[in-house]
Amino acid sequence: MDDATLYSKYHSMQTKDVNFVLENYIKTIKWKSSESILDVGSGSGEVTMQLLAPVLPHDFEKLVGLDISPEMTTYHPKILPIR
Ligand SMILES: C[S@@+](CC[C@H](N)C(=O)[O-])C[C@H]1O[C@@H](n2cnc3c(N)ncnc32)[C@H](O)[C@@H]1O
């Protein structure tokens, strides 16, 4: 997926799936303190920041999104890519 604009507009199905997974399974994770979380295939990072980040434990150390597509990682101006 390289077309970040298109994906950003039409990712409601993925958002629904992510919500389902988080609502049903996040509570089964046994977190340790100061965890670092890696979101592989994070795309533009919108789902990472809007859906995943709010349900993480408050004391997490780091949340990193990783994506193979530079178009996706540079799409959202407020989410900084690591190079
Ligand atoms: C369907 S999008 C999902 C994006 C985001 N996780 C979301 O829920 O909106 C899948 C993403 O995985 C990325 N991807 C595919 N293969 C990858 C790989 N081998 N390593 C890292 N990212 C990959 C694509 O570039 C694409 O942005």
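# Contacts, burial and a ligand shell

Q: What makes the pair E46 and S8 a polar contact?
A: The side chains of E46 and S8 are joined at 3.0 Å. A polar contact is a pair of N or O atoms within 3.5 Å; within protein, one atom must be able to donate a hydrogen and the other to accept it, and residues adjacent in sequence count only if both atoms are side-chain atoms. The 3.0 Å between E46 and S8 is within that limit, so the pair counts as a polar contact.

Q: How do you know which parts of the model to use?
A: This is a predicted model, in which local features need pLDDT of at least 70 and side-chain atom pairs count only at pLDDT 80 or more, while totals for chains, interfaces and linings use all residues. Residues are numbered from 1 along each chain as its sequence is written, and side-chain values use heavy atoms, with hydrogens and water left out.

Q: Is E46 buried or exposed, and why?
A: E46 sits in helix α3; helices are DSSP runs of H or I with at least four residues, strands are runs of E with at least two, and both are numbered from the N terminus. Buried means under 20% relative accessible area, exposed over 50%, and partly exposed in between (1.4 Å probe, protein chains only). E46 has 13% relative accessibility, so E46 counts as buried.

Q: Why is S34 given its exposure class?
A: S34 belongs to the loop between α2 and β1 (36-40). Its relative accessible area is 41%, so S34 is partly exposed. S34 also has a positive phi of about 55°, although it is not a glycine.

Q: What is the exposure class of V55, and why?
A: V55 is in the loop between α3 (46-52) and β2 (62-66). Because its relative accessible area is 36%, V55 is partly exposed. From V55 to K27 there are 28 residues in sequence and 9.3 Å in space, C-alpha to C-alpha.

Q: What makes F20, V21 and Y25 a surface patch?
A: These three make a nonpolar surface patch of about 310 Å². Patch residues have over 30% relative accessible area and no salt bridge (a side-chain nitrogen of Lys or Arg within 4 Å of a carboxyl oxygen of Asp or Glu). Like charges are joined within 9 Å, and nonpolar side chains (Val, Leu, Ile, Met, Phe, Trp, Tyr) within 5 Å. F20, in helix α2 (residues 12-25), has 47% relative accessibility and so counts as partly exposed.

Q: How do you know which residues are around the ligand?
A: A residue is near a molecule if one of its heavy atoms lies within 4 Å of it. Residues around the ligand include Y7, V47 and M72.

Q: Which ligand atom lies 2.8 Å from a backbone N or O atom of G41?
A: That atom is a nitrogen of the ligand. A ligand oxygen is 2.7 Å from an N or O atom in the side chain of D67, and a ligand nitrogen is 3.1 Å from a polar backbone atom of I68.

How values were computed:
Areas by Shrake-Rupley, 256 points an atom, 1.4 Å probe, with all protein chains shown as cover.
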